Amino acid sequence: MIGIRGLYLSGACVAMIATATTVHAQTEQPKKDVTTGEIVVTAQFRSQKLQDTPLAITAMTGASLAARGQTNVAEVAAQTPNVTLTPQNAYLGPGIIAFIRGVGQTDPNFALEPGVGMYIDDVYLPTLTGSLLDLMDLDRVEVLRGPQGTLSGRNSLGGSIKLYSVKPQGNGKGMVEGTYGSFNRIDMRGFFDLKLADNLFLRVSGATKNRDGYVKRLDYAKTHPGSNVPTQATGDSPVLGTLGGTSFTAGKVALRWQPASNVEVNVSGDYTRQRDEPGATVLIYGNSIAQFAGSPVSKSPARPWLRGTNGAPIPLNCAFVASGVNSCDTVPAGYDGRYVSYATFFDNAASDSQMPYKPLALNPHSNLDNYGFAGTIDWTIAEDLALKSISAYRHYTSSWAFAEGAPVQPSMLEQAQANTQWSEEIRLSGKALNRRLDYTVGGFYFHAKGTYTGRIDLNYAGIDFLHGPDTTPATNKAVFANVSGKLTDALTITGGVRASWDTKDYTYSRHNPDGSTILPCTGYPFVVGQPANCAIAALNGLNAHFEKQRTDWRIAGDYRFSPQLMVYAQVSTGYRAGGVNPRPFYINQAQSFQPETIVAYEAGFKSDLFDRKLRFNVSAFYNDYKNIILTVLNCPNNLGFPSTPCLQPKNVGSAHVKGIEIETMIRPTAGLTFDASLSYLDFKYTTVDTASTGVAANMVPPYTPNWKWNAGVQYDIPDVLKGTLSFRADGNYQSHIYVDPTNVDSAVVSTTTPTGGGGALATQVATNRINGYFLGNGRITWKSAADGWTASVEVRNIFNKYYFTSMTANYVSIGTVSGAPGLPRTWAVTLKKDF
């Protein structure tokens, strides 16, 4: 815990410039002597130097990201304080998990608004699905920490991540780049930029990324002869496939038109196609008798989830856990058990009157088709008055399959989401009072039509049904104003206000897998002899509606003591819309949740010292966070329904959140650059609804580490083989996190209970904690001084750290815990040609 005295150390925003290159048109030209450089951002509606912006904002140029070899937005979190970005696990498909300062979201369902706003060229993306963005042809990334309730786009409670593409220049330049590396990684990217007319410019860019999976799916029967497990292999090879492989293609066409000296029009279209394998996942806990109910109180050996070759039931236990403290497996030679899964994507349970839709086989995949069109008009009406319009249409479809990492299937799902959205934002900006007053007024409109469908095969719950198509039309309207006035040459006061109106509807659709109507139960839901899936019959056709109006505000002040030092402080508010549980398994779980709100206090300073050789930025924050929305696995047992399965968004309570963020960059001599950041976050619940959520006062939200830090160094040596040779090393650390609102460090569970899986271990240890870890990366680059060639060699995860990026922890209800291991040590070689 940090005291009030410690808050003065708190850190704010950094310009992480890792190379000595110049940043395109949006960056001020660096001085000839050694300086930290400068980046121009647009976080407050107008172009400002990063060091003049009174916000906790980290800005990174495309050049600095390339110097680190970073190619997707999740990697940006490594050098950003109090920000967690990680790919979704296989359970939730092609998307991202995003948290800033303890605020975020893990569930991509349309019923939930992301706590972190994602933007491409100022166009808002409303779901986590499709938000694991590639850093293709990028000018810069801006990461704004804290609520962005009064600024552009949509109200974002935790913060915003904004990607800005390079605009067409018409300079006749281009680039092509190829990469080959571990796991048959083959990447290609490039662009060309043309002048079509004196006032019309075209830029076309594209990228492909392909890599084999790094988790082997092995046939248990082939690798364990005589095990009694039936085989799923079709030949002699025990390898059924892999997990974690990627196949990605994206392209973008952009036009910039200047019909008059005071008008600029930018239009673009982009398309992304992913045909990935399911995310890398391994079983790290397995403990279930793996039998359907034979009576209201007991399981039946006559109804196993998987029957062995000799007819006997096969339990789910340590035999299928290939590595770790819960493993009693003997992984065959030549395979690393840490990267082994026995998932078959085949539910071979026998069909009967209660489970009549067996067996079921799924195609392992994780697919996404994502495209959109955007148009931006910038009209300088007068010297001190300008109008900006941002119009956009986007659509995506995604589908993915999930299976537990064993031939015994407690749950198996095939899910799909589709989203269509339209948005319009208009801003009128100007200056007044002899240019001492900057103002912006505007409006925002957003409408989306989302659809979710799924084949939900839950053997552990005795249900197997079609979820959806559930429709979720949603609308957000807002008006906003922002004013910054210079009271003196050194003192600026900023005020902002935003009024928002949210509406959302949700319609449930539930049917049997063959499309037939689910018949209602005539008694307790799971008594043998009841109609299949009868417990969920009452959900079909149910409608829910959410509507809310909210006004947020911000007041900030900054004072520049000298060209080297600026201090600032602000108070701002934000909110995230409520809604209704999108995944009720029984009628008693179809409950609404209320909006969450935040009042955020922040103070900090930004400094460029020693002739701009040292940049040192610090901020401190304190958030009063109320009605926190988290998805819990605990549902009260009422109305005669069981407490599991449960996956329900609830308002778990309120909290006080405080922390520090420090960022620095040092350029002591020409060619040598150091950059680093440090953050600490202290999250304390003040009230919590433990009875209905299972969340206790000493717990913290998912994906929220107490500590994060990173450090990087780059040394450029000129005149090496008629070019510049650069050596770069980066390291980043995050302390432990939990993946669920109910934090479990270590729970010792017996395997010998009536529902336990037995096996060679008398107990197993369950957890939803990911331990802290440090990752190191290195890169060597040579760049020609004359002919545009660049060659790089990189090693990522140099120390071959084994760690998890996410988990699916359902040891109570399902009897499993699965982890998504990060990539082991990898290498890559990149060759690039600028022309």
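Among the elements of the protein, which strand has the lowest mean pLDDT and which the highest? Select strand β1 (residues 40–41) for the lowest, 76, and strand β21 (residues 340–341) for the highest, 98. Here pLDDT is the predictor's confidence in each residue, from 0 to 100. Helices (H or I, at least four residues) and strands (E, at least two) are DSSP runs, numbered from the N terminus.

This is a predicted model, in which local features need pLDDT of at least 70 and side-chain atom pairs count only at pLDDT 80 or more, while totals for chains, interfaces and linings use all residues. Residues are numbered from 1 along each chain as its sequence is written, and side-chain values use heavy atoms, with hydrogens and water left out.

Colour the protein by pLDDT: the mean is 91, and 94% of the residues reach 70 or more. Next select residues 1–32, where pLDDT stays under 50. Where pLDDT is low, the predicted coordinates should not be read in detail.

Now select F320, Y342, V408 and L458. These have the most contacts inside the largest nonpolar core, a group of 42 residues. Such a core is a set of buried Ala, Val, Leu, Ile, Met, Phe, Trp, Tyr and Cys residues joined through side-chain atoms within 4.5 Å. Buried means under 20% relative accessible area (1.4 Å probe, protein chains only). Strands β27 (437–458) and β28 (463–486) each supply at least two residues of this core, and the largest share, 3 residues, comes from β27.

Stay on F320 and show its contacts (heavy atoms within 4.5 Å). Beyond four places in sequence, F320 touches residues including Y220, L283, Y342 and V408. A second, separate core has 31 residues, among them Y285, A343, A747 and Y803.

Go to Q589, in the loop between β33 (579–580) and β34 (592–593). Q589 is buried, with a relative accessible area of 1%. Its contacts beyond four places in sequence include C635 and C646.

Then pick T693 in helix α3 (residues 690–693). T693 counts as buried because its relative accessibility is 1%. A polar atom of its side chain lies 2.4 Å from the backbone oxygen of D689.

Last, look at the empty space. To see the second largest cavity, start from Y91, L633, L647, T808 and N810, the residues nearest its centre among the 42 that line it. A cavity is a set of points, on a 1 Å grid over the protein atoms alone, where a 1.4 Å probe fits but cannot get out; lining residues have an atom within 4 Å of a point. Strand β47 gives the most to this lining, with 4 residues.

How values were computed: Buried means under 20% relative accessible area, exposed over 50%, partly exposed in between (1.4 Å probe, protein chains only). A polar contact is a pair of N or O atoms within 3.5 Å; within protein, one must be able to donate a hydrogen and the other to accept it, and residues adjacent in sequence count only if both atoms are side-chain atoms. On a 1 Å grid over the protein atoms alone, a cavity is a set of points where a 1.4 Å probe fits but cannot get out, and a pocket is an open set with protein on both sides within 12 Å along at least five of seven lines; lining residues have an atom within 4 Å of a point.
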